[in-house]
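These are my notebook entries on a structure I was asked to look through. I set down what I looked up, in the order in which I took it.

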2 protein chains.
Amino acid sequence: MLPEFRNLLDAKLRISGYIHKTPVMTSTAINNLAGSEIYFKCENFQRMGAFKMRGALNAILMLNDEERRAGVATHSSGNFAQALALSAKLTGSRATVIMPRTSPEVKKNAVRGYGADIIECEPTLAAREETTNEFIKKTGASFLHPFNDFNVIYGQGTAAMEFLDEVSGLELIFAPVGGGGLISGTALAVHYMKPSAKVYGVEPLGADDAYWSLKKGEIQPSVNPVTIADGLLTALGDRTFSIMKELVTEIIRVDEKEIIEAMRLLWERMKIVVEPSGAVALAALLKEKEKFRGKKSGIILSGGNVDLGRLPF
Amino acid sequence: MLPEFRNLLDAKLRISGYIHKTPVMTSTAINNLAGSEIYFKCENFQRMGAFKMRGALNAILMLNDEERRAGVATHSSGNFAQALALSAKLTGSRATVIMPRTSPEVKKNAVRGYGADIIECEPTLAAREETTNEFIKKTGASFLHPFNDFNVIYGQGTAAMEFLDEVSGLELIFAPVGGGGLISGTALAVHYMKPSAKVYGVEPLGADDAYWSLKKGEIQPSVNPVTIADGLLTALGDRTFSIMKELVTEIIRVDEKEIIEAMRLLWERMKIVVEPSGAVALAALLKEKEKFRGKKSGIILSGGNVDLGRLPF
């Protein structure tokens, strides 16, 4: 059974005072290249640089005062960690992030920069879960999962809600797939607001667990994923998968070269900084442009947090 | 005697159907860093990637049909060449650009990409002028100077006009100075629309001819300029200088490190691609932030055309 629309509407209202209503941009050059009409929802301009702010804020605002005072925790080394850190700061809570000790210093510093605590653990799944559980037990903090949490999913869906409000007549919506939080929230929003539109998830070929999960009808692990799109490494969760199974038309896969080319196109032609994970959706549309020719498409550019010292071009 | 406001108002109306009304952006992080309130006019999102479109279009639209049919020519290897190329294409004219044969292929290709012809010359001032004069004489094309032309200056001033319309209460306006087209157009707009605001021109220390020109009261040549801000190498012209002398409060100079840091800040915190020449104005505000503390400032980000394969970070 799909979650009700009310959940998304409430989430949108709940977080509206904290987030940016991000702009929608277009590019004549990219439209000409694709042979179709493309609208970009620029979540790279979201606070903290990615759509993850939406889900983190919604989840934290669903806690009661006492829970918020006791703090929140997550395990993530990516944008969700920063999003939870900033959300906690904005809402009078305190975030603790469990991160592998091998995470790049730049990511640790970003999380600390938003005022969160970091607990380092060995870089294994077992160590991460044990460290997290211990911390939760000791402190009474609420654990918030980066994607497999309905409140997070509803929050992520608000990007598509704004998108559909702003651009009428979208026929196709593209979003990247990591753990599935963005795509499942997007699919819910589209289902209730524009049911005729198709929702495409996009994955790197080097981390195509969602493709296989939908194909086989059960969640496949993400085994040794390798891709520059480092926000898309994780496997799906049961909650994101349950929504995707029902509402996602297809998962399109793109290779590394296609991702980097799409990223470069966004930087060069639109003059915006988009992270590799944010560029995959455009890569997919361009890869299959014959299939989408003449359509009106919406692409969610998920984020813009990229290490400028380590660009692929 | 200063040109009348009517010229700017006419220019704004004349080019309005051809250009983008570019967005104004802000960044909490950069405001905190500067200790003041900063608004950015994003001409990096202008068609062709820079404010130069405005001046080129206004100048070309001031020609009569016959003149436009005979074509236009300029010498530039930078954004004005591309701007004139695209403007000619949009207005039923044809542009020819005289460029040193030593210009990077990427710049030649950009100009050709907008449909203009290129005539290569030896990389000397004499060769450039001779080649240009010969071409004009032979074809009857109209020569349009990249900055020392009042119609170009009025066009460039329309960016500040939009800016002042959109953001009320600006006390300071910062813009980069190359040949002076942008700063003199900006200063005119401010003079007529918000005379209480101060206008600051910004130059790289390695190309500070405008600083010395204003100090000495006459145009100084730009001798062996060296800076990453390659849009700011040229000396002033008599028309831009005559306006700057009257209306520019001060020229602030910034070093290469300050330019690169400001550029990186814009990319990292605002997620936008800005060229070095576009970042100098923020560099100046940050360099003298004590002086500008608590003020409401407007910065014109002049363009975003940068070779991603040759970034300084």
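**Entry 1: strand pairing**

I began with the strands of chain B in this predicted model. Strand β1 (residues 24-25) of chain B is joined to β2(B) by 2 bridges, and the two run antiparallel. In this pairing I found B:M25 opposite B:F40 of β2(B).

I then looked up what else pairs with β2(B). Strand β10 (residues 296-301) of chain B runs parallel to β2(B), and 6 bridges join them. One of the bridge partners I noted is B:K296 in β10(B), which is paired with B:E37.

Is β2(B) mostly covered or mostly open? I found that 5 of the 6 residues of strand β2 (residues 37-42) of chain B are buried, so I recorded the strand as mostly covered, taking under 20% relative accessible area as the cut-off.

**Entry 2: relation of the two chains**

I superposed chain A on chain B. The fit needs a turn of 180° and a shift of 0.0 Å along the axis, and it gives an RMSD of 0.0 Å. The two copies are therefore related as by a two-fold rotation axis. Both copies use the same surface, since 100% of the contact residues of chain A recur in chain B.

Which residue of chain A comes closest to the rotation axis? I found A:I272, whose C-alpha lies at 2.2 Å.

**Entry 3: nonpolar cores**

I next looked up the nonpolar cores, bearing in mind that in soluble globular proteins nonpolar side chains tend to be buried together. The largest core has 79 residues, and A:W267 and B:W267 have the most contacts inside it. Helix α13 (residues 276-287) of chain A gives the most to this core, namely 8 residues. Another core lies apart from it and has 35 residues, including B:A11, B:L170, B:V177 and B:I243.

I went back to A:W267 and listed its contacts, leaving out residues up to four places away in sequence. In chain A, I found A:I272, A:V273, A:V274, A:V306, A:L308, A:L311 and A:F313. In chain B, A:W267 touches B:W267, B:V273 and B:L308. I noted that A:I272, which A:W267 touches, is also the residue of chain A closest to the rotation axis.

**Entry 4: salt bridges**

How many salt bridges does a search of the whole structure find? I recorded 40 over all chains. I looked up several of them one by one.

In chain A, the side chains of A:R54 and A:E43 meet in a salt bridge at 2.7 Å, N to O. A:R54 lies in helix α3 (residues 52-61) of chain A and A:E43 in the loop between β2 (37-42) and α3, so the pair ties together parts that are 11 residues apart in sequence. A:R54 counts as buried at 0% relative accessibility, and A:E43 is buried with a relative accessible area of 0%. I also found both residues in a network of salt bridges that links A:K41, A:E43, A:R54 and A:E162.

In chain B, B:E162 and B:R54 form a salt bridge through their side chains at 3.1 Å, N to O. This pair links distant parts of the chain: B:E162 is in helix α8 (residues 150-166) of chain B and B:R54 in helix α3 (residues 52-61) of chain B, 108 residues apart. B:E162 is buried, with a relative accessible area of 7%, and B:R54 counts as buried at 0% relative accessibility.

I took one further pair, A:K291 and A:E288, whose side chains meet at 3.4 Å, N to O. Here A:K291 is partly exposed at 43% relative accessibility, and A:E288 is partly exposed with a relative accessible area of 24%.

**Entry 5: cysteines**

I looked for disulfides and counted 0 over all chains. A:C42 is in none, and the nearest cysteine sulfur, that of B:C42, is 12 Å away. A:C42 is buried, with a relative accessible area of 0%. B:C121 also counts as buried, at 5% relative accessibility.

**Entry 6: B:R112**

I closed with B:R112, which is placed in helix α6 (residues 105-113) of chain B. B:R112 is partly exposed, with a relative accessible area of 40%. Residues up to four places away in sequence aside, B:R112 touches B:E105, B:I118 and B:E120. I also looked up B:V97, which is 15 residues from B:R112 in sequence and 9.4 Å from it in space, C-alpha to C-alpha.

How values were computed. Residues are numbered from 1 along each chain as its sequence is written. Chains are lettered from A and ligands numbered from 1 in the order in which they are written. This is a predicted model: local features need pLDDT of at least 70, side-chain atom pairs count only at pLDDT 80 or more; totals for chains, interfaces and linings use all residues. Side-chain values use heavy atoms; hydrogens and water are left out. Buried means under 20% relative accessible area, exposed over 50%, partly exposed in between (1.4 Å probe, protein chains only). Helices (H or I, at least four residues) and strands (E, at least two) are DSSP runs, numbered from the N terminus. Two strands pair if DSSP finds at least two bridges between them. A nonpolar core is a set of buried Ala, Val, Leu, Ile, Met, Phe, Trp, Tyr and Cys residues joined through side-chain atoms within 4.5 Å. Contact means heavy atoms within 4.5 Å. Copies are superposed by least squares on the C-alpha atoms of residues with pLDDT of at least 70 in both. A salt bridge is a side-chain nitrogen of Lys or Arg within 4 Å of a carboxyl oxygen of Asp or Glu. A disulfide is a pair of cysteine sulfur atoms within 2.5 Å.
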